[in-house]
Amino acid sequence: MATQLASRPAAAPQPGGPGLKRRMAANAIGTGILYAASAATVGVLCWVLFYVAEQGFKYLGPEFLTNTPPGNPSDAGGGFLNGIIGSLIVVGLATVVAVPLGIGAAVCVVEYGGRLAKVVSFLTDVLIGIPTIVTGAFVYALWVTRYGFSGYAGAISLALVMLPLIVRATAEILRLVPGELREASLALGVTRARTIVSVVLPTALGGITTGIMLAVARAMGETAPLLLTALGNDLFVETNPDHRMSTLSLQIFSNAITGFKAAQARAWAGALTLVILVLLFTALARLAGRRSAVTSAR
């Protein structure tokens, strides 16, 4: 009898014990919190977009996109044509400066390494954490005090804002490039520099473009550094970066802080225009990211 009891197999544990129920309950609670946080984030974003659209569409029209502000801020009418053109010029100049420097710094960090790469990585982290008003004050002290307010000064300040974003995004996408591609190129006798230019960068081009577009979108909405550099010019359309220039962000700020309803209405229309431009750049970044050889492979 004892032998028969010893040879009898032990009963298998029954599923659905108290431990499993606790884990299922914790999973359900965690999932619910994640869904609630996501819904809150999307809700706030939609609320901001709908409110800006509701206020901005009351004034936004062909006249707003083709005229400059009136001489008297209390007068109705006018538009932000000079701000739109100024934003495109200043941000365009900043992009020309920040993109090659940012990509070069990212290549140094990822592909070469060493002490210089550590210094560049540290300075990138510092630049990301510095408030943009400090960046504007820095450019003011080094440039504006010598050469005056200008679109070039505004472009330099925005380039400093864009630079760490491009470095960080480019470095991350370069790390995703398979090492086998580098090894295959080097095995054929190709130099490291030629491998980077002909193999690594083309492979990561989509992701790099995404980082650049996001940095451009960030620069389009910056106001603080431009207050100390470009300063603004509401009188007429200025296309010479040697002079003071208006941007959309500066005009939104200057019109919003006035006590005149007409100026505040123009500020809402300018805010809607800026949101549309930022959303456009973000959509382009997403499209470029989907076509990236690295991200699609992942």
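Which backbone oxygen does the side chain of Thr 203 reach? That of Val 199, at 2.6 Å. Keep in mind that this is a predicted model, with that contact as a starting point for a look around its helices.

## Two threonines and their backbone partners

Thr 203 belongs to helix α9, which covers residues 192-203. With a relative accessible area of 16%, Thr 203 counts as buried, because the cut-off for buried is under 20%.

Thr 41 sits in helix α2, residues 18-56. A polar atom of the Thr 41 side chain lies 2.9 Å from the backbone oxygen of Ala 37. Thr 203 is buried at 16%, whereas Thr 41 is exposed, at 54% relative accessibility. An α-helix has 3.6 residues a turn, so residues three or four places apart point the same way.

## Helix α10 and its partner α4

Helix α10 takes in residues 205-220, 16 residues in total. Does its length fit? At 1.5 Å a residue the expected span is 22 Å, and the end C-alpha atoms are 22 Å apart, so the two agree. A good number of names turn up on its buried list, including Gly 206, Gly 207, Thr 210, Gly 211, Ala 215 and Ala 217. Also buried are Ile 208, Ile 212, Val 216, Ala 219 and Met 220, and these five residues of α10 meet helix α4.

On the α4 side (residues 81-112), the partners in that contact are Ser 87, Val 91, Thr 95, Val 99 and Ile 103. The two axes come within 10 Å and cross at roughly 140°. The cut-off for roughly antiparallel is over 145 degrees, so α4 and α10 count as oblique to each other. The handedness of this crossing is right-handed.

## Following α4 on to α5, and α5 on to α7

Helix α4 also packs against α5, which covers residues 114-129. Here the axes come within 9 Å and cross at roughly 130°, so this pair is oblique as well. α4 passes α5 in a left-handed crossing, whereas α4 passes α10 in a right-handed one. The residues of α4 that do the meeting are Ala 105, Cys 108, Val 109 and Tyr 112, and on α5 they find Gly 114, Leu 116, Ala 117, Val 120 and Ser 121.

Helix α5 has another partner in helix α7, residues 151-175, with the axes 8 Å apart and a packing angle of about 130°. That angle makes α5 oblique to α7, and the crossing is left-handed. From α5, the contact uses Thr 124, Asp 125, Leu 127 and Ile 128, and from α7 it uses Pro 164, Val 167 and Arg 168.

## A buried glutamine in α12

Is Gln 251 buried or exposed? Gln 251 is buried, with a relative accessible area of 0%. This residue lies in helix α12, residues 248-256, and its side chain makes a polar contact with the side chain of Asp 234 at 3.1 Å.

Which residues is Gln 251 in contact with, once its neighbours within four places in sequence are left aside? They are Pro 69, Phe 80, Asn 82, Gly 83, Asp 234 and Ser 246. Asn 82 and Gly 83 fall in the 81-112 range of α4, the helix that packs against α10 and α5.

## Two loop residues

Leu 231 lies in the loop between α11 (224-227) and α12. What is unusual to check here is the backbone: phi of Leu 231 is near 70°, a positive value in a residue other than glycine. At 33% relative accessibility, Leu 231 counts as partly exposed.

Pro 131 is in the loop between α5 and α6 (132-147). Its relative accessibility is 48%, so Pro 131 is partly exposed too, given that exposed means over 50%.

## Sequence distance against space

How far apart in space are Pro 131 and Ala 224, which are 93 residues apart in sequence? Their C-alpha atoms are 9.1 Å apart. Arg 290 and Gly 206 make another such pair, 84 residues apart in sequence and 7.5 Å from C-alpha to C-alpha. Arg 290 is found in helix α13, residues 261-290, and is exposed at 66% relative accessible area, while Gly 206 is among the buried residues of α10.

Thr 41 gives a contrasting case with Asn 233: the two are 192 residues apart along the chain, and their C-alpha atoms are separated by 36 Å.

Notes
Residues numbered from 1 in each chain as written. Predicted model: local features only at pLDDT ≥ 70, side-chain atom pairs only at ≥ 80, totals over all residues. Heavy atoms only, no water. Helix = DSSP H or I, 4+ residues; strand = E, 2+ residues; numbered from the N terminus. Buried < 20%, exposed > 50% of the residue type's maximum accessible area, 1.4 Å probe, protein only. Polar contact = N/O pair within 3.5 Å; in protein donor to acceptor, adjacent residues only side chain to side chain. Contact = heavy atoms within 4.5 Å. Expected span 1.5 Å × (residues − 1). Axes fitted to C-alpha atoms, helices over the stretch in contact; angles between N-to-C directions. Parallel < 35°, antiparallel > 145°, perpendicular 65-115°, else oblique. Left-handed = near helix turned anticlockwise from the far one by under 90°.
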